[in-house]
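Colleague: I would like to learn how to read the computed features of a model. Please take them one at a time.

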Amino acid sequence: MTHVEFPGLGLAFDVNPVAFTIGSFEFRWYGILIALGFILAFLYALKICKRYQVNQDHLIDCIIAGLILGIIGARLYYVIFYPGDMYWKDPIKILYINEGGLGIYGGIIGGVVTAIVYCKRKGVNFWLLADTIAPCLAFGQMLGRWGNFFNREAFGGFTNGLLAMRLQMSQVRTSDISAEVMQHIVNYGGVDYIQVHPTFLYESLWNLCLFLLLIKFRPKKKFDGQVLGLYFLGYALGRVWIEGLRTDQLMLGPFAVSQLLSGVLIICAAVFLIWKGKQEKAKKESES
């Protein structure tokens, strides 16, 4: 149990990362929230698939396969870029995903590759299917990010803003506490607190807005793949600045891996949307 405060909002919580136990097995909020995000996103996708002429069986098969390989991809992404050799010295820890440590970009890559292969083998329109799933991804990410709150991770540097979050210093990984954060330690009742950007919250709110925009735009799309392109563009635009605030970045040399990928994704998504838009416009002009 740890104490968490949002002084600017006048809120305080006692947080336990473990939701409940059965015997010696712990069920952690991190895993529960990720699973809940997936289930609700999955149910929403099933609800709208008929409206957009998407075969429900193909959708179910693709999402289930994408989930499995997405989780594997997310874990491998985190393990590969994790600083130090903790996982190589004790490989069994790679399996402890309920304790945290999933790289969302690894999950996206694994899920997208799975969907492409599945659609090619089954003769399914990948772009149409992806346009149905994309808003659901944003919804799942929005809810899943709260797992980081319970794990006291995925936070940023010091801030004194309205949404500033205070965490007990003893309950946070030492490697996540930057020099800047150390300079602004607050002591209450003999307990040291750090005050930081709640970047998990920023990303959760960003994904919520992205989800709402995508479901609003989905009926108005001009070509298959447009919703997916907008999802990638919107998510990457948010991630590129939110990642810059975090103190637990996965690095590739002097660069944050997720910022690099976000930058590449922004360019690729923008080029794709412009190219497909011009292609669709030329097609309509030729038909008229």
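Colleague: What share of the contacts in the protein with a separation of 6 or more do residues 24 or more positions apart account for?

Modeller: A contact means heavy atoms within 4.5 Å. Here, residues 24 or more positions apart account for 72% of the contacts with a separation of 6 or more. This is a predicted model, in which local features need pLDDT of at least 70 and side-chain atom pairs count only at pLDDT 80 or more, while totals for chains, interfaces and linings use all residues. Residues are numbered from 1 along each chain as its sequence is written, and side-chain values use heavy atoms, with hydrogens and water left out.

Colleague: How many of the 288 residues, as a percentage, are buried?

Modeller: Buried means under 20% relative accessible area, exposed over 50%, and partly exposed in between (1.4 Å probe, protein chains only). Buried residues make up 46% of the 288 in this protein.

Colleague: How many disulfides does a search of the whole structure find?

Modeller: A disulfide is a pair of cysteine sulfur atoms within 2.5 Å. The search finds 0.

Colleague: Why is Cys49 without a bond to Cys136?

Modeller: The closest cysteine sulfur to that of Cys49 belongs to Cys136 and is 9.7 Å away, which is too far for a bond. Cys49 is buried, with a relative accessible area of 0%. Cys119 is likewise in no disulfide, and its nearest cysteine sulfur, that of Cys62, is 5.0 Å away. Cys119 is buried at a relative accessible area of 2%.

Colleague: What does the C-alpha trace span along its principal axes?

Modeller: The trace spans about 75 × 40 × 40 Å.
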